[in-house]
Amino acid sequence: MDSDSKRNDLAALQAKLARAKGRDLWRGLEEISDTPEFQRWVDDEFPYRATIPQVDRRGFLKFMGASMLLAGLSGCRYLPKEYIVPHVTNPEDRVTGQSVYYASTVVLGGYGTGVLVRSYEGRPLKIEGNPGHPSSLGSTDATIQALMHTMYDPDRSKNVTHGGEIATWDAALTMLRDRVAKHKSGELKGDLRLLTETVTSPTLAFHIRKLLAHCPGAVWHQYDAVSRDAAFRASATAFHSPAETVYDFTKADIVFSLDADFFSEGPGHVRYTRDFMARRKVEGDAANVNRLYAVESTPNLVGAFADVKVRCKASEVVSVALAVASRLGLNLGSANLPATVSPKFVDAVVADLQKNRGRAIVIPGEHQSEDVHAIAHAINAALGNIAVSYLAPVAAEWTDTETSVKSLAMDMASGRVETLLILGGNPVYNAPADLAFGEALAKVPVKVRMGLYEDETSALCDWHLPEAYWLEAWGDARAHDGTASIVQPLIEPLYEGKSHLEVVAGLTDKPHTGLELLKEYWKGNGLGSDAAWNKALHDGVIPNSTSPEVAATIVPFSVAAPQAPASIEVIFRPDPTIGDGSLANNGWLQELPKPLTKTTWENCAYLSPKTAEALNLNVWRDADNPKHDVVEVKLHGASVKVAAMIQPGHPDDSVTLHLGYGRTKAGKIGNGLGGDAYALRKVGGANWSGGATIERVGSTTLGNTQYHHSMEGRDLIRYGTVAQFAENPTLSPEPEQHAEEGEGKEPNLNLYKNAAKEHEWDGHQWAMAIDLNLCIGCNACTAACNAENNIPVVGKDQVSNGREMHWIRVDRYYGPREGDQNLEDPVTHFQPVTCMHCEYAPCEPVCPVAATVHSREGLNQMVYNRCVGTRYCSNNCPYKVRRFNWFNFANHHDVPVIKLRNNPDVTVRGRGVMEKCTYCVQRINVARIAEKKSGVPMKDGAIVTACQQACPAQAIVFGDKNDPGSAISRLRAEKRNYSLLGELNTAPRTTYLAKVKNPNPELEKA
């Protein structure tokens, strides 16, 4: 079927969905349409492989014989000869072949998150959370896991340049010091301006203020493309002084989200996810869990997880907030509820908040308006919620960043700025479009940019200074609660980079190293002795540095009646993987599927099914040439062209555009992908704006993994409500089903001869359990697996061909809400799927060369040197978790720096072999060796897999199921525990715990 020949029939799709069984799950509209073309595409194991010529049996055997021979020959690869020079004297603190961990701090959006970085033979390899840091508690997210890719990016800036020609640091710093001196003396009549992103670094802020005092006419501007301006403006409105809001989800029985995605956005989201899930754990037969209400304007992870969710336009969220506040007795203003929000929803929220006074959180979205934030403050204060506290601002100097960059752009355009130093950021690309920042910048006589890449802003500056990566330079930063920690480098700069701190300090004093500057500052601010400094460096946290609490007393305020949304509303959000676009050249993040849409390598226009139908957009997939419609979104005289993505649960008459794409100078990976949504953003409309028009202008192919590796809709996810769990703790359609065979039950029948006897093993028996009640679908596990196991990036074309190499995929399903299937407002479920390590593995008997075998500890192993790439194992795997390496994706002999990021404990696979999850067997081996050397039995928890360690929700548990006291044994004994496709009797070592939701019973009755 031609992709242009048939258009949506929403009523027909809804009717078809309504006829489905009550618990049926579905992945998208294409699956509901179930056209013959789509079904043929799903049925095909490798839908985009090269067509094999039609040959007879004799010819086929000849063909296969030649293929086997060539595959064997290709296994003997001749690699270029390389030489290494060993240490003449080995460092005393380093044992050859053993890794060392150092505490450091990742700075994203200005705020710091504590991490532990693994160093092997002097090169950083893997990032984990620091258990002692308040923003991580040992976990990370997908972004942090992928930052090592940027560390070894060959496109990073390598040299100081002046006018496009290579220059030196001495020349650049001499020029800058001379300009500062002339500004100070008054010889230069124009202004000296400094532009940074939000700064929380105490040491950098100290030296910036020192520069401003040294040169009194200088002005410091700050700008963040994805800012927290509304939050600080709201605190100034509600309390008459800016304050930082901090939440303790462990103390909250009820959480009411006003368009807040606190699982993935904001400086404390890793900690917040962990704390929230601590109240979501179900043990035994009791389900005493919290309840989450969500109002969302664009589908996000919090809305997907919520027990009760409603949708509305971004501009209508304030109306819902006002309605709740009014019912609680707060006279802040009035507004009509959006059509998509029932008064019964407001009644239920208000009743639960009142019932749980003091034990609730009302949390506004980072991108919501100042009014919504202020209303949330007022509600929390009225309820006396102890889970909400207010601290002095963490930022070194609070600034309304949009106002600041607007002021700078106007002054540049008027000729008032004589010298501009830009530290980080990329305002030419991401400043509000109506500021014409690039044009104004051209009027500045001397403009200097310091950054990791020679990007869009550097291209318009006279000087470019290469910035050292955070793993290459000393620094510091504050966490979401103000806790300070050190940014500790693990390697000398790979290129000629310096830190912002070194440059700013060097403008007023003789040059110092970053370490000298840090120690000098902290010596007078709490770390007066070498012992105190060394302890803070070791622990990764500076003690007693949390921001002080402030008295946050609500002052009277009112909210103006919100205006009715104007036609189609454009919602701007940071991209779920590359954020504001600063990580656009990170291949791990580009290829990481977006959690809800499973698209990769570009942004899309998210639209509701009804809006898509009104725009006559296509939903069907052509099996031989899959296409998505391309739409042109026009707003304020500007436009952007992106693929259309029909997204169930999205509000009608609005479109979500993610930022960060349409780059022209991101690097070889990030250039030319997607559309530039920043072109539509204007001052005052950074988060949404009404008045858009949308029209279809063509079609394109997306790198979308949504239907890859389908398991044919069997009983994949078990779920139910708290009430259903009380009646049937297994939450299985057949209550007696359970992953573990109980007393009196017949053993599972199995086709393998003497299988039970063969698998009666002593010693360690490794297993994994994934609690679906905790999984938020954030993909941190996938990103961590990429970094740990040298998983290559294959690119958009190969992803479109179904050839992504991820060893863990996170499937996303939609299901019925309150028993009713609905295209417009379904319930979302996530399920991480990795190798099941089946005890009776279907992949093993079909391999002609015994390349996939079992270990004595129950691991299903791949012997790469045996594999000849028949792919029989993949065809025979019911879980579709094996990946075939079609090309030499991982070999970069011509770019040595890329090879530095490979984990030496994991084989770098060449083309033509199957690969899959190994339960991080390299980590198992490290613990096993330590056990043998010490003679002390391994303790439970001694082995932590990469996915388990990264997971902010603590949804993954790994251990020895032969140890009756282990956490994995306890989880496998839970009644919620079940095997995926257990009816196949493969006895998987990876099992799941059913999901328990906590909806409001009163709403279910209604």
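Strands, like helices, are DSSP runs numbered from the N terminus, a strand being a run (E) of at least two residues. The model described here is predicted, and the protein averages a pLDDT of 86. In that numbering, strand 8 provides 4 residues to the lining of the second largest cavity, the largest share. Also covered below are a barrel closed by 6 strands, an open sheet of 4 strands and a loop holding Asn985.

**Confidence**

- Of the residues, 85% score at least 70 in pLDDT.
- Residues 1-6 have a pLDDT below 50, and in the model this stretch has 14 contacts beyond near neighbours in sequence.
- Residues 753-757 also have a pLDDT below 50, with 4 contacts for this stretch beyond near neighbours in sequence.
- Where pLDDT is low, a detailed reading of the predicted coordinates is not warranted.

**Second largest cavity**

- The cavities of 30 Å³ or more number 15 in this model.
- The second largest cavity holds about 230 Å³ of space.
- Its lining consists of 21 residues, and those that lie nearest the centre of the cavity are Arg228, Thr245, Tyr247, Tyr272 and Glu366.
- By class, the lining of this second largest cavity comprises 9 nonpolar, 7 polar and 5 charged residues.
- At least two lining residues come from each of strand 8 (244-247), helix 9 (269-278), strand 12 (360-364) and helix 13 (370-383).

**Open parallel sheet**

- The 4 strands of the open sheet follow the order 11-10-9-12, and their pairing is parallel.
- Strand 11 (308-311) and strand 12 are the edge strands; each has a single partner strand, so one side of each lacks a neighbour in the sheet.
- On average, neighbouring strands of this sheet are turned by 10 degrees against each other, direction ignored.
- Strand 9 (residues 254-258) pairs with strand 12 in the parallel sense over 5 bridges.
- Within that pairing, Val255 has Ile361 of strand 12 as its bridge partner.
- Helix 13 packs on the sheet, where it touches strand 9 and strand 12, and its direction makes about 170 degrees with that of strand 12.
- Strand 12 and helix 13 therefore take part both in this packing and in the lining of the second largest cavity, since each supplies at least two of the lining residues.

**Barrel**

- The barrel is closed by 6 strands in the order 19-24-21-23-22-25, with mixed pairing.
- From one strand to the next, the twist averages 45 degrees.
- Strand 19 (residues 568-574) and strand 25 (residues 688-700) are paired in the antiparallel sense over 4 bridges.
- Ile571 has Trp688, in strand 25, as its bridge partner.

**Backbone conformation in one loop**

- Asn985 has a positive phi of about 60 degrees, although it is not a glycine.
- Ala987, likewise not a glycine, has a positive phi of about 50 degrees.
- Asn985 lies in the loop between strand 36 (977-978) and strand 37 (990-993), and Ala987 is also placed in the loop between strand 36 and strand 37.

Notes: Residues are numbered from 1 along each chain as its sequence is written. This is a predicted model: local features need pLDDT of at least 70, side-chain atom pairs count only at pLDDT 80 or more; totals for chains, interfaces and linings use all residues. Side-chain values use heavy atoms; hydrogens and water are left out. pLDDT is the predictor's confidence in each residue, from 0 to 100. Contact means heavy atoms within 4.5 Å. Two strands pair if DSSP finds at least two bridges between them. Axes are lines fitted to C-alpha atoms, for helices over the stretch in contact, and angles run from 0 to 180 degrees between N-to-C directions. On a 1 Å grid over the protein atoms alone, a cavity is a set of points where a 1.4 Å probe fits but cannot get out, and a pocket is an open set with protein on both sides within 12 Å along at least five of seven lines; lining residues have an atom within 4 Å of a point. Grid points are joined across faces, edges and corners, and a volume is the space filled by probe spheres set on the points. Ala, Val, Leu, Ile, Met, Phe, Trp, Tyr, Cys and Pro count as nonpolar, Asp, Glu, Lys and Arg as charged, and the others, Gly among them, as polar.
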